[in-house]
Amino acid sequence: MKNSEAAKVLYDIADLLEMQGVDFKPQAYRKAARSVEELSEDVAEIHRKGGKEGLKQIAGIGEGIAEKLDELLGTGKLKYYDELKKKFPAHISELMEVPGLGPKRIKLLHEKLGIKSLGDLEKAAKSHRIASLPGLGEKAEEDLLKGIGLVKKGKERMLLGLALPIARELESRLGSLKFVSRAVVAGSLRRRQETVGDLDILVVSYKPKEVMDFFTSMKDVQRILAKGETKSSVLLRSGLQVDVRVVEEKSFGAALQYFSGDIQHNVKLREIAIRKDFKLNEYGLFARKGSKYIAGKTEEEVYKALGMDCPEPEIRADRGEIEAAARHKLPKLIGYGSIKGDLHAHTTKSDGADGLDEMVSAAKKMGYEYIAITDHSVSERIASGLKEEDMEKWLKEIREFAKKTNGIRVLAGSEVSIKASGELDYSDDILKKMDIVVASVHSRFKSSRDEMTRRIVNALGSKYIDILGHPTGRLISRREPYEADMKAVIKAAVDNNICLEINSQPDRLDLKDTHVREAKEMGAKFVINTDAHSAAGLNYMELGIATARRGWLGEKDVVSTLPLEELPKYFRKIRV
Ligand SMILES: [Zn+2]
Ligand SMILES: [Zn+2]
């Protein structure tokens, strides 16, 4: 059983308990689900080696949940879960994904209209049976239909953060076969798009038939969609479609270029080839007359023959990179290893699954020079936000801990909510004592564009804010960004010397690439944070860096590439 599958069961249990009106337990199940989801090891492996006791070593998992997981991983089934499901709609988790639907409403829809699935819900909304239910109405019905659309769209594509480990595993599995010299994932994954439709893998091998046999008989294949001599497609159990093509060595670069896309980029490149009297396709670059092979072994060789430098895959989108490549003026993008610290992380003090100690040692292991601990502020009740006096104590504790810690600087801060009024959730008195203040919107997402813009711009006027957290509030394929004039927000951040966050949570990636690029042009500075809620969550950093690269950022644009000594230039409250 995969981590994501085990986590899904725990999330479902949380929802089912919430529908029964049970207190506290749902939160515990959610916390456990999240930490299973973020584990870098296989939970099944932990269970195989250490049984129930092993499971209890995982952050956020106590005796009760360990027992349930023990049964689930041991037998593939969980009686408790099956019993809960009997009382409620069978497809509760897909219903829970619809924005605006919570356990209470699902229960109502189930009892009054017999709605059990997304399909049922859509039918009911389209035939206007929902508007007449208590607490709902025409507007709610309309919103639900929009939400259903979002969920459906999301199902067709997988988050980059989920697809990336699967892609890497396949690359190494295929690449380690002795008759394979290379295996590389191309397509939208290689461009690090925020969601991925399917995986395209290119393989160089002198035994294509053996590659096809191996690929189609892997144990995580659910269905073979097509099997040919050099190309096959399968559907994995994870729901991801994967295509594998065996190509010749001399065509590898051309094929990699071709299958990496994006389409707009490739269309333009082919036009340039034609203008230069070439023909460009997945097999190589050829002379137009006589079809003599010119290049194709590497991508660089193909671009070079066209008079261009080779743009990094992340920026291939026909947004000016082709022109820059032709002028030999491509941007030098921020490297995947260049971040020196994470400035947004939670602990068990608010809604994290790991304690201060675990978070800090994980950050140290990543080679960071600093990490900021930024637990939630008072109005975040669901996320166990801290009252001002408790935060005061917590800051002291962090500082005491920091004194005893070598090899990494622990910064004491908070993720402070921006209230609907545009005021911050804490007084200036405590804010000025923090090394780092991340300010974020966590409530009232539906305000008008003007209200939301005023709210954020107003907050950015505070002297004590360092970073604007997840600036648009979107959750990929679950929640649209809140309406705000992003130009005005970015300008206010620039004017007040406040960094914009690129949040690396797989379903946030907020700011997104296009906003990042716009903000850079307006003179903004950035930080890339994980917003980790467990030690394993710190590993999401690469997703944020990918977003920064897609937004054309270089190392200089990102403040957290600086060593500790230079941080006070941007964050005035930090003393080094
Ligand atoms: Zn937040
Ligand atoms: Zn956070």
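I take as donors the N, O and S atoms within 2.8 Å of the metal. The model I am reading is a predicted one.

**Entry 1. The two zinc ions**

I looked first at what connects the metals. Glutamate 415 bridges the zinc ion (ligand 1) and the zinc ion (ligand 2), and the two ions lie 3.5 Å apart.

I then listed the donors of the zinc ion (ligand 1). They are Glu415 through OE, His442 through NE2 and His470 through NE2, at 2.1 to 2.2 Å. Along the sequence I read their spacing as E-x26-H-x27-H. Distant parts of the chain are linked here: glutamate 415 belongs to strand β13, histidine 470 to the loop between β15 (467-468) and α21 (486-495), and 55 residues separate the pair. I checked burial for this pair and found glutamate 415 and histidine 470 both buried.

For the zinc ion (ligand 2) I noted coordination by His344 (NE2), His346 (NE2), Glu415 (OE) and Asp531 (OD), at 2.1 to 2.2 Å. The spacing of these donors along the chain is H-x1-H-x68-E-x115-D. Here too I found distant parts of the chain linked, with histidine 346 in the loop between β11 and α17 (356-365) and glutamate 415 in strand β13 (residues 409-417), 69 residues apart. Histidine 346 is buried, as is glutamate 415.

Which geometry does the site of the zinc ion (ligand 2) have? I recorded the site as irregular, with angles of 82 to 170° among its four donor atoms. The tetrahedral label does not apply, because it requires all angles to lie between 85 and 135 degrees.

**Entry 2. The five-stranded sheet**

I traced an open sheet of five strands in the order β2-β4-β7-β6-β5, with mixed pairing. Its edge strands are β2 (180-185) and β5, each of which pairs on one side only. On average, neighbouring strands of this sheet are turned by 20° against each other, direction ignored.

Within the sheet I examined β6 (residues 231-236) and β7 (residues 241-247), which run antiparallel and are joined by five bridges. Serine 232 has valine 244 of β7 opposite.

I also looked for a helix on this sheet. Helix α10 lies across β2, β4 (198-205), β6 and β7, and runs at about 170° to β2.

**Entry 3. Aspartate 220**

I located aspartate 220 in the loop between α12 (208-216) and β5 (221-227). Is this residue buried or exposed? I count aspartate 220 as buried because its relative accessibility is 17%, and the limit for burial is under 20%.

The side chain of aspartate 220 makes a polar contact of 3.0 Å with that of arginine 173. Leaving aside residues up to four places away in sequence, I found aspartate 220 touching Arg173, Leu235, Leu236 and Arg237.

**Entry 4. Aspartate 143**

I placed aspartate 143 in helix α9 (residues 138-156). With 22% relative accessibility, aspartate 143 counts as partly exposed. From aspartate 143 to lysine 155 I read twelve residues in sequence and 19 Å in space, C-alpha to C-alpha.

**Entry 5. Two enclosed helices**

I asked why helix α23 (residues 541-550) should be called largely enclosed by the rest of the structure. The reason is that nine of its ten residues are buried. Among them are Met541, Leu543, Ile545 and Arg550. The buried residues of α23 pack against α10 (160-175), β11 (341-342), β16 (499-503), α22 (513-521) and β17 (526-529). Tryptophan 552 follows α23 and has a positive phi, near 65°.

I applied the same question to helix α13 (residues 252-260): eight of its nine residues are buried, so α13 is largely enclosed by the rest of the structure. The buried residues include Phe252, Leu256, Gln257 and Phe259. Glycine 261, just after α13, takes a positive phi of about 65°.

**Entry 6. The β8-β9 hairpin**

I followed the side chains along strand β8 (residues 278-281) and found that they alternate. Phe278 and Leu280 point to one face and are buried, whereas Lys279 and Asn281 point to the other and are not. Strand β9 (residues 284-287) runs antiparallel to β8, and four bridges join the two. Phenylalanine 278 stands opposite alanine 287 in β9. I noted that the hairpin from β8 to β9 passes through two residues.

Definitions and conventions
Residues are numbered from 1 along each chain as its sequence is written. Chains are lettered from A and ligands numbered from 1 in the order in which they are written. This is a predicted model: local features need pLDDT of at least 70, side-chain atom pairs count only at pLDDT 80 or more; totals for chains, interfaces and linings use all residues. Side-chain values use heavy atoms; hydrogens and water are left out. Buried means under 20% relative accessible area, exposed over 50%, partly exposed in between (1.4 Å probe, protein chains only). A polar contact is a pair of N or O atoms within 3.5 Å; within protein, one must be able to donate a hydrogen and the other to accept it, and residues adjacent in sequence count only if both atoms are side-chain atoms. Contact means heavy atoms within 4.5 Å. Donors are N, O and S atoms within 2.8 Å of the metal (3.2 Å for Na, K and Ca); water is not among the atoms, so sites may look incomplete. Four donors count as tetrahedral if all angles lie between 85 and 135 degrees; four count as square planar and six as octahedral if opposite donors are over 155 degrees apart and all others between 65 and 115; anything else is irregular. Two strands pair if DSSP finds at least two bridges between them. Axes are lines fitted to C-alpha atoms, for helices over the stretch in contact, and angles run from 0 to 180 degrees between N-to-C directions.
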